[in-house]
Each structure stands twice: as C-alpha cells, then as structure tokens.
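Work through the exercises below with the sequence and the model at hand. Each task is followed by its solution in steps.

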Amino acid sequence: MTVGFVMLCHEALNRAAQVARHWAERDCPVVIHVDCRVADKRFDRLVAAMSGYPNVTFSERRRCEWGTWSLVEATQLTVDKMLHQFPQVRHVYLASGSCLPLRPVEELKAYLDRHHDVDFIESVTTEDVPWTVGGLDAERFTLRFPFSWKRRRRLFDTYVRLQRRVGFRRRIPPGLEPHMGSQWWCLTRRTLTRIQDSPERAAHERYFRRVWIPDESYYQTLVRQHSERIESRSLTLSKFDFQGKPHVFYDDHLQLLHRSDCFVARKIWPWSDRLYDVFLKGGDGMARRAEPNPGKIDRIFAKAVERRTRGRSGLYMQSRFPNRGWENGVTCAPYSVLHGFGDLIEDFPTWLHRATDCRVHGHLFGPDRAEFADGQRVYTGALSDSVDLRDYNPEAFLTSLLWNTRGERQSFLYGPRDTGGILPLMVADPNAQISVVSGAWAVPLFRSAQDFAAVRREAARLQKMESAQLALLRSGQTKARVRIWSMADFVEAPMEPLQSIIDEIGTRAALNVSEAPTMVDLTGFGQFLQNLKNEGMQPHLMGDFPVDPNYDPAPAEPRRRPYLMR
C-alpha cells in the first residue's frame with residue numbers, strides 16, 4: 001500500500017511538474033487538476049512533461065475560484081480518479097501546485113503505515129475556530145452565498161445584509177454538524193470512499209454549494225460522519241497572517257521549514273530555487289521520526305504578526321496603514337515640550353543645552369520655519385525646516401524627528417503661535433513631558449513697538465488659542481505628563497520649575513545660583529496688562545501682576561537682569 005497525491009494547480013506549472021515528478025519517481029501515484037483559466041498551451045506542455053510517468057494522470061478540468069464550490073468539485077474529480085485508477089493507494093494527500101515536500105517520501109510512507117487507519121484533517125466546530133477573518137463563521141453555514149466575494153464584492157455584501165435584515169436562515173441537513181479546518185488534508189481510502197459513495201452525497205452537495213468557502217468545511221464536516229479515527233491536524237505546514245492571507249515561504253525560510261518537521265509546506269515562492277534544490281534534489285540529509293509540529297515555529301509567526309500590526313515603539317510603517325492606533329506607542333522616546341519658557345528667558349534653548357547637554361530646538365512648529373537646534377536648515381533624517389513640508393503631516397514630522405534621533409533626548413519650544421495640529425498627538429503621547437508657563441505669550445507683545453490696537457487684537461487671539469490648548473492639556477484623556485504654572489507663579493520662583501525640567505531630562509544635578517538663566521525685564525508688565533484691560537480685554541492667564549506706580553513708560557533703553565533664586 002502507498003500514498004497518492006492529488007494536486008490542485010493554477011500557476012507556476014513548472015514547479016508543480018517538479019514536485020509531481022519527485023513523488024512519481026518514488027512510487028506515489030499523482031492526479032493533477034489544472035484550473036480551466038490556465039491557457040491550453042501551458043496545460044499541454046505540462047501533460048507532455050508528465051507523459052513519461054505512468055502513475056501521473058490528469059482529472060477533468062474545472063474553472064476554480066476562491067471561496068466557491070468549484071474548488072470542492074475539482075477536489076472530488078481528482079479524488080474519484082485516484083480511487084478508481086490506483087487501487088494500491090491507502091492514503092490520499094491533498095496538495096496544491098505551490099506545495100513542496102519537506103521530508104523524504106519514505107518517511108511519510110512509514111508514518112502513514114504506523115497510522116494506517118487515521119484521517120489527518122483539521123476539523124473543529126465553528127465555536128472553536130479562532131482564525132476566521134471577515135466576521136462570517138457560523139453564518140457561512142446559515143446564509144446563502146451565490147456571489148463571488150472577489151469578483152462581485154458589492155453584490156456579496158448586499159445579499160448578506162439583505163438576508164440578515166429579513167432573518168433568513170438555511171436549514172442544515174439532518175445529521176450534519178458544521179466543522180471547519182485547513183483545506184489541506186490526508187485521508188484514508190476508506191473514509192474518502194464512504195464520502196464519495198454516500199447516498200446523501202447529492203443533498204450534501206446542494207447544501208455546500210451555497211456555503212461560503214466550502215473547501216474549508218465540506219470534507220471537514222463529512223469526515224465526522226464516516227471516519228473511524230480522526231487526528232484533527234494537518235500534515236502540511238500552512239500559515240496565515242492576521243488578514244487571513246497565506247504566508248509565502250522564500251529561500252531564507254530554509255531553516256524554519258526544517259524545524260517544523262512537517263511533510264509538506266505551502267505556499268512556496270516559485271522562484272525559491274534554493275528550497276526546491278534542497279528538498280527535491282538532494283534532500284536535507286536528516287532522517288527523523290519526529291511528529292509534524294508546525295506549532296514549534298508559531299512563536300516566530302506570532303512575532304511577525306506583532307511586528308506587522310504593532311512594530312517597534314514609535315515606528316510608523318506602510319504595513320499598518322491606514323489602521324490608526326496600531327502603532328506600538330505614539331513616539332519612540334521621551335521628549336520635552338517647553339511652552340512659554342522661550343518668551344521669558346533670554347536665549348533659553350542655549351541655556352538649557354548648557355544645563356543638560358541635551359539637544360534643545362527652538363519653535364519646531366513655528367509659523368515661519370522649523371527652528372532646528374544650531375540654526376540647521378536640514379536635520380537628521382533629511383528633515384527640512386520647510387513649513388509646507390512640516391505642516392503637510394505634522395505628526396509624521398515629530399515622530400520622524402524622534403525616530404531619527406533615538407538615543408538622544410530632544411526638547412523644543414512651543415506656544416500658541418505655533419501649529420496647533422500637533423498638540424492632540426502630544427497630549428495623547430505618554431512620552432511627552434509638557435511644561436507650560438501660561439500667559440508668557442504676552443511678553444513679546446509687551447516688548448514690541450506695534451500700535452497698541454494691533455497689540456490688543458493679537459493678545460485676544462493668542463489668549464483664546466492658549467485657553468483652548470490648556471483645556472486640551474487638562475482633559476481627562478491626557479496621557480502626557482503635564483505641568484502648568486501661571487506666569488506670575490513662575491516669575492516669583494523660577495528655579496523650582498527649571499529644576500523640575502532638568503530633573504525629568506535626568507542628565508544633571510541640582511542647579512546653583514551661578515547657573516541661573518537671564519530673564520527678560522518685566523518692569524512695567526503690570527501696567528501693560530492694565531492697559532489691555534482698559535481697552536476692553538481681560539488677560540487672565542498670566543496671574544496677578546500689580547501695577548508699579550513708579551514705572552516709567554518710556555525708559556531710555558530696555559533693561560535686563562539675571563533672575564536668581566529667592
């Protein structure tokens with residue numbers, strides 16, 4: 001007794017011929033079905049290539065389409081021919097034209113001799129199937145599917161919705177409990193004969209013709225009625241990704257295929273010359289009696305799925321587009337956003353760089369350009385300071401900057417004048433550490449020489465914008481670390497907020513008096529706020545700045561003074 005192979009082929013017929021010759025030369029009958037969509041010339045060349053092998057034959061051809069009854073019909077035709085033309089066959093092994101034997105045929109024969117009465121087929125109930133993709137598990141057996149999912153998707157979906165709406169349910173034939181599993185099985189002659197010769201075959205076929213993807217349920221269901229002993233697993237290594245698409249194996253999967261201990265693998269890339277050379281010509285030189293166990297490599301496939309659906313922290317890839325939220329974190333590393341500090345402290349980026357030895361940028365999202373550190377126009381990773389390029393996708397600009405500079409802490413200034421579209425991302429990012437001095441935007445207006453009416457209009461605009469930003473920062477959905485000081489509180493004791501910023505960056509010890517930054521001169525700032533009030537605007541984000549009665553509104557020169565710890 002021996003094992004016979006039935007092959008369903010529709011492409012790469014040269015590779016299918018290689019595999020068929022490999023099995024035929026080792027005394028294994030082969031019956032091949034070639035899809036009707038394959039051109040007659042290609043089919044004739046395959047027939048000619050197999051003409052020297054008396055134990056290789058071809059079944060009647062059908063036009064096959066994924067998810068339809070045609071695949072089951074093609075399988076039935078090849079199985080019928082195998083059973084009638086090769087009586088010495090005890091097990092029938094279903095394979096595709098893209099399958100590749102991984103172990104010597106002698107090992108497969110010996111294995112099936114030890115399990116001469118066992119049917120190897122995945123067969124589980126719909127409640128126990130974890131791999132269905134697309135939302136149709138039990139419904140594939142209770143609804144009708146007369147339309148092709150691939151060619152007529154709109155009709156397919158519309159008809160499904162219509163059946164759901166009217167409450168239509170098909171009656172499952174008596175005695176059948178639907179089961180599902182891999183299309184690739186190895187069944188005994190006895191079981192296949194019982195299925196093919198069953199008096200209820202016509203009724204079963206009428207039912208399964210309108211089941212969705214019947215090639216994964218027809219034999220998987222009927223084997224439960226006719227088999228005496230079932231091993232609910234496949235001897236073929238066939239892996240699928242999270243979208244339900246089969247994994248394709250390439251030359252660099254050689255060791256992975258060895259480790260699976262399976263007898264056959266699919267789907268093999270047709271140009272994987274090394275795989276075909278190793279497994280068909282020379283073999284792997286490793287005799288083993290191991291049980292086929294594709295689970296041994298499940299960990300690697302699980303990691304591949306995780307990398308594709310989540311990836312490395314803060315890395316955005318096309319394989320996850322357009323699924324928002326699939327990224328493994330918003331950004332790849334902690335960073336500091338400093339809101340208002342640049343308006344109160346002279347040359348704040350330079351001072352903070354000296355205090356922390358970390359990279360400190362200006363207003364990366366400023367209205368005129370992205371102010372990279374040291375005045376650079378193009379930064380790491382070829383990021384341009386162009387406003388148009390940055391604002392085309394500000395989220396990608398920030399995440400790319402952090403990814404390109406991973407390993408180096410980044411800090412930058414921010415304020416109500418900057419591009420507001422980036423703030424929601426930073427608020428939702430646990431890596432963001434946002435420090436805010438509210439109302440500091442008024443200092444450049446206080447020091448400007450603009451017409452006061454224009455200053456008042458700009459102050460009202462900026463206060464409205466910063467109020468909206470503060471509301472977002474204080475929302476319950478905020479995941480960033482946020483600290484907010486009013487401008488009055490910061491001016492009263494600036495060293496404590498500055499020390500907290502340095503502590504979070506974590507590169508320096510405590511500041512001393514000699515390292516205090518130089519703050520802008522705010523003499524007369526209280527009068528400036530009072531003037532805004534007199535003009536009908538109510539500045540409320542700065543805190544309390546009393547009016548200095550001795551303030552000279554027109555000093556000879558602007559004054560600056562170091563602001564030391566009090």
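A residue is called buried under 20% relative accessible area, exposed over 50%, and partly exposed in between (1.4 Å probe, protein chains only). Helices (H or I, at least four residues) and strands (E, at least two) are DSSP runs, numbered from the N terminus. This is a predicted model, in which local features need pLDDT of at least 70 and side-chain atom pairs count only at pLDDT 80 or more, while totals for chains, interfaces and linings use all residues. Residues are numbered from 1 along each chain as its sequence is written, and side-chain values use heavy atoms, with hydrogens and water left out.

**Exercise 1. Find which residues of β18 point one way and which point the other way.**

Step 1. Take the two groups in turn: A432, I434, V436 and S438 point one way from β18, and Q433, S435 and V437 point the other way.

Step 2. Compare with the general rule: in a regular strand the side chains alternate between the two faces of the sheet.

Step 3. Check the burial. Because 7 of the 7 residues of β18 are buried, this strand is largely enclosed by the rest of the structure.

**Exercise 2. Place β18 in its sheet and name the strands at the edges.**

Step 1. Use the pairing rule: two strands pair if DSSP finds at least two bridges between them.

Step 2. Write down the order. The open sheet has 5 strands, arranged β14-β17-β13-β18-β19, and the pairing is parallel. The edges are β14 (359-363) and β19 (481-486); each has a single partner strand, so one side of each is left without a neighbour in the sheet. On average, neighbouring strands of this sheet are turned by 15° against each other, direction ignored.

Step 3. Go through the pairs. β13 and β18 run parallel and are joined by 5 bridges, with V337 opposite I434 of β18. Between β18 and β19, also parallel, there are 6 bridges, and S435 stands opposite R483 in β19. β14 pairs with β17 (residues 410-414) in the parallel sense over 4 bridges; here H363 has L413 of β17 as its bridge partner.

Step 4. Add the helix. Helix α19 (residues 452-473) lies across β13 (335-339), β17, β18 (432-438) and β19, and runs at about 140° to β18. Such axes are lines fitted to C-alpha atoms, for helices over the stretch in contact (heavy atoms within 4.5 Å), and angles run from 0 to 180 degrees between N-to-C directions.

**Exercise 3. Describe the sheet that contains β5, β12 and β11.**

Step 1. The sheet is open, has 3 strands in the order β5-β12-β11, and its pairing is mixed.

Step 2. β5 (100-101) and β11 (236-237) are the edge strands; each has a single partner strand, so one side of each lacks a neighbour in the sheet.

Step 3. The pair β11 and β12 (residues 264-265) is parallel, over 2 bridges, and L237 stands opposite A265 in β12.

**Exercise 4. Show where the buried residues of α8 lie around its axis.**

Step 1. List them: in helix α8 (residues 201-208), R201, H204, E205, Y207 and F208 are buried.

Step 2. Because they cover an arc of only 160° around the axis, they are on the same side of α8. The arc is that of the directions from the helix axis to the C-beta atoms.

Step 3. Name the cover: it includes α3 (69-85), α5 (139-142), α7 (189-196) and α9 (218-226).

**Exercise 5. Is T2 buried or exposed, and what does T2 touch?**

Step 1. T2 lies in strand β1 (residues 2-9) and counts as buried at 10% relative accessibility.

Step 2. Not counting residues up to four places away in sequence, the residues touched by T2 include D27, C28, Q88 and K109.

Step 3. A polar atom of the side chain of T2 lies 3.4 Å from the backbone oxygen of D27.

**Exercise 6. How many disulfides does the structure hold?**

Step 1. Apply the cut-off: a disulfide is a pair of cysteine sulfur atoms within 2.5 Å. The structure holds 0 disulfides.

Step 2. C36 is in none; its nearest cysteine sulfur, that of C64, is 7.8 Å away. C36 is partly exposed, at 39%.

Step 3. The sulfur of C262 is 11 Å from the closest cysteine sulfur, in C99, which is too far for a bond. C262 counts as buried, at 0% relative accessibility.

Note on methods:
Polar contact = N/O pair within 3.5 Å; in protein donor to acceptor, adjacent residues only side chain to side chain.
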